[in-house]
Amino acid sequence: MLKIAKFGGSSVADSLQFKRIKKIVDADEGRKVIVVSAPGKRSPEDNKITDLLYLTYSHVKYGVDPSAVYDMIKDRFCEINGTLGLSLDCEGELKAIKNALSKDTPEDFLVSRGEYFTARLMAEYLGYTFVDASDVIVFDYNGKVNYVASGERLQEKFERYERIVVPGFYGAYPNQ
């Protein structure tokens with residue numbers, strides 16, 4: 001039986017939470033699709049990564065240097081990456097995104113990077129295959145999920161991969 005497990009922001013907030021998820025996933029062979037959010041707060045004083053990405057977008061949009069905010073994002077992802085001994089070039093990939101930021105960067109793209117990087121890290125940690133949500137989740141032009149098209153794309157992935165991690169929050173239009 002195929003089971004899809006969704007882990008929200010507080011469930012992926014740090015490396016300790018990743019370890020908890022691994023125990024949950026490993027306990028049930030049926031969990032073949034893992035969907036993750038961006039890291040949430042680790043404590044009441046902390047920030048959600050999604051909120052920091054929205055703030056980064058606002059900084060860029062209004063010509064304010066986003067470096068301090070972006071460093072908070074980088075530090076969180078690189079802490080998870082380093083603590084778990086993963087191989088993702090966290091600093092390099094995040095720096096490339098930061099360097100490409102402009103007033104023309106779509107807000108939804110930037111904000112979705114939280115889920116994207118979390119899924120990349122989680123896939124490596126679990127030994128699953130990362131599948132970008134834009135490759136399997138299809139939205140109609142009215143913003144509703146097209147379950148038939150999404151199901152077909154997901155089935156194609158299962159013909160190639162047995163277990164996958166998919167970022168939550170985003171997808172693609174039919175022409176993408």
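Here are some friendly questions and answers about this predicted model.

Q: How many residues does helix α5 have, and what is the distance between its end C-alpha atoms?
A: Helix α5 covers residues 107–126, which makes 20 residues. At 1.5 Å a residue, the expected span is 28 Å, and the model agrees with this. The end C-alpha atoms of the helix are 30 Å apart.

Q: At which residue does α5 bend?
A: Helix α5 has a bend of about 35 degrees along its way. The residue at the bend also has its charged end over the ring of Y116, 4.4 Å from the ring centre. That residue is R113.

Q: Is α5 mostly covered or mostly uncovered, and how many of its residues are buried?
A: A residue counts as buried when its relative accessible area is under 20%. By that test, α5 is mostly covered. Of its 20 residues, the number buried is 15.

Q: Which residue just after α5 takes a positive phi?
A: Look at the place where the helix has just ended. There the phi angle is about 80 degrees, a positive value. The residue is G127.

Q: Why is the pair of F77 and F117 called tilted?
A: A pair of aromatic rings is described by the distance of the centres and the angle of the planes. Here the ring centres are 5.7 Å apart and the planes meet at 45 degrees. Planes under 30 degrees apart would be stacked and those over 60 edge-to-face. The angle of F77 and F117 lies between these cut-offs, so the pair is tilted, at 45 degrees.

Q: Which helices hold F77 and F117, and how many residues apart are they?
A: Both F77 and F117 are buried. F77 belongs to helix α3 (residues 67–83) and F117 to helix α5, so the pair links distant parts of the chain. Along the chain, F77 and F117 are 40 residues apart.

Q: Which parts of the chain does the pair of Y116 and F130 tie together?
A: The rings of Y116 and F130 are 5.4 Å apart, centre to centre, with 85 degrees between the planes, an edge-to-face pair. Their positions are 14 residues apart in sequence, so the pair ties together two separate elements. These are helix α5, with Y116, and strand β3, with F130.

Q: Which of Y116 and F130 counts as buried, and which as partly exposed?
A: The cut-off for buried is under 20% relative accessible area. Y116 has 15% relative accessibility, so Y116 counts as buried. F130 has 23%, and therefore counts as partly exposed.

Q: Which residues form one aromatic cluster?
A: The whole structure has four aromatic pairs. Among them are F77 with F117 and Y116 with F130. The residues that form one cluster are F77, Y116, F117 and F130.

Q: Why do the buried residues of α6 line one face of the helix?
A: An α-helix has 3.6 residues a turn, so residues three or four places apart point the same way. In α6 the buried residues are S150, R153 and K157. Seen down the helix axis, they fall within one arc, so they line one face; that arc is 70 degrees.

Q: Which exposed residues does the face of α6 turned away from its buried side carry?
A: Helix α6 covers residues 147–160. An exposed residue has over 50% relative accessible area. On the face turned away from the buried side, the exposed residues are Y147, V148, E152, E156 and E159.

Q: What is the arc of the buried residues C90, L94 and I97 around the axis of α4?
A: In helix α4 (residues 90–100), these residues are buried. They are on the same side of α4 because their arc is narrow. On the other side, K95, N99 and A100 are exposed. The arc of the buried residues is only 55 degrees.

Q: What separates the C-alpha atoms of A133 and G168?
A: A133 is in the loop between β3 and α6, and A133 is buried, with a relative accessible area of 0%. Along the chain, A133 and G168 are 35 residues apart. Their C-alpha atoms are separated by 6.9 Å.

How values were computed. Residues are numbered from 1 along each chain as its sequence is written. This is a predicted model: local features need pLDDT of at least 70, side-chain atom pairs count only at pLDDT 80 or more; totals for chains, interfaces and linings use all residues. Side-chain values use heavy atoms; hydrogens and water are left out. Helices (H or I, at least four residues) and strands (E, at least two) are DSSP runs, numbered from the N terminus. The expected span of a helix is 1.5 Å times one less than its number of residues. The bend at a residue is the angle between axes fitted to the seven residues ending there and the seven starting there. Buried means under 20% relative accessible area, exposed over 50%, partly exposed in between (1.4 Å probe, protein chains only). The arc is that of the directions from the helix axis to the C-beta atoms. Rings of Phe, Tyr and Trp (its six-membered ring) pair if their centres lie within 6.5 Å; planes under 30 degrees apart count as stacked, over 60 as edge-to-face and the rest as tilted. A charge sits over a ring if NZ of Lys or CZ of Arg is within 6 Å of the ring centre and within 35 degrees of the ring normal.
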